[in-house]
Amino acid sequence: MNIGTREPTFTVSEAAGQVGLTTHTLRWYEQEGLVAPVGRDSAGRRRYTPQDVNWLLLLTRLRRTGMPVRDMRRYVELARQGDGTLGARRALFEEHRVRVLDRMAELEEDLKVLDLKIDHYRRAELGEFD
């Protein structure tokens, strides 16, 4: 696919930088089929559109929240099938949301332990245990 519009486009490194990925990881997303084929300029270099970058932002957020790659692939498959899969996509996100909330609760508990240890060491440094 060739880019023939006047819409701003981005190189691999620019797109990767906008979404917080390395170029290697961005290419991995492409190889895994998580990103639709990206347009190319007249020299054959990949050029990402703002829509491509937005898609990558969603994928990176899903990954950052711990969504397994297999679920990301499922989401991509469903999205490519169109509006007939809206309910399935919503359900996939709802299931993932429960996992994220569970993980957040675990992290809250872990943070409490860290805070207790930090407080303990601060008090020990001040000699409060002598």
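Me: Which residues form one aromatic cluster in this chain?
Reply: The model is a predicted one, and the count of aromatic pairs in it comes to 3. These rings can be read together, since the record of the cluster is a single group of residues, and the members of that one aromatic cluster are Trp55, Tyr75 and Phe93.

Me: What is the geometry of the aromatic pair that tryptophan 55 and tyrosine 75 form, stacked or edge-to-face?
Reply: The ring centres of tryptophan 55 and tyrosine 75 are 5.7 Å apart, with 20° between the planes. Planes under 30 degrees apart count as stacked, whereas those over 60 count as edge-to-face. The angle of 20° therefore falls under the first cut-off, and the pair is stacked.

Me: How many residues apart in sequence are the parts that the pair of tryptophan 55 and tyrosine 75 ties together?
Reply: Tryptophan 55 belongs to helix 3, which covers residues 50-64, while tyrosine 75 belongs to helix 4, which covers residues 69-81. Because the two rings sit in these two helices, their pairing ties together parts whose separation in sequence is 20 residues.

Me: Is tyrosine 75 buried or exposed?
Reply: A residue counts as buried when its relative accessible area is under 20%. Its partner tryptophan 55, at 23%, is partly exposed. Tyrosine 75 has a relative accessibility of 8%, so this residue counts as buried.

Me: Which residues does histidine 96 touch, not counting residues up to four places away in sequence?
Reply: Histidine 96 lies in helix 5, which runs over residues 86-125, and with a relative accessible area of 6% this histidine is buried. Once residues up to four places away in sequence are set aside, the residues that histidine 96 touches are Leu62, Thr65, Gly66 and Met67.

Me: What radius of gyration does the protein chain have, against that of a compact globule of 130 residues?
Reply: The protein chain contains 5 helices and 0 strands, and its C-alpha trace spans about 75 × 35 × 25 Å along the principal axes. Of its 130 residues, 28% count as buried. A compact globule of 130 residues would have a radius of gyration near 14 Å, but the value for the protein chain is 21 Å.

Me: How far apart are the mean positions of the positive and negative charges of the protein chain?
Reply: The protein chain exposes about 9,100 Å², of which carbon and sulfur atoms supply 52%. Its charges comprise 22 positive and 21 negative ones. Taking the mean position of each set, the distance between the two is 8 Å.

Technical notes:
Residues are numbered from 1 along each chain as its sequence is written. This is a predicted model: local features need pLDDT of at least 70, side-chain atom pairs count only at pLDDT 80 or more; totals for chains, interfaces and linings use all residues. Side-chain values use heavy atoms; hydrogens and water are left out. Helices (H or I, at least four residues) and strands (E, at least two) are DSSP runs, numbered from the N terminus. The radius of gyration is taken over C-alpha atoms; the globule rule is 2.2 Å times the number of residues to the power 0.38. Buried means under 20% relative accessible area, exposed over 50%, partly exposed in between (1.4 Å probe, protein chains only). Accessible areas come from the Shrake-Rupley method with a 1.4 Å probe; for residues, only the protein chains shown count as cover. Lys and Arg count as positive and Asp and Glu as negative; His and the chain ends are not counted. The place of a charge is taken as NZ of Lys, CZ of Arg, CG of Asp or CD of Glu. Rings of Phe, Tyr and Trp (its six-membered ring) pair if their centres lie within 6.5 Å; planes under 30 degrees apart count as stacked, over 60 as edge-to-face and the rest as tilted. Contact means heavy atoms within 4.5 Å.
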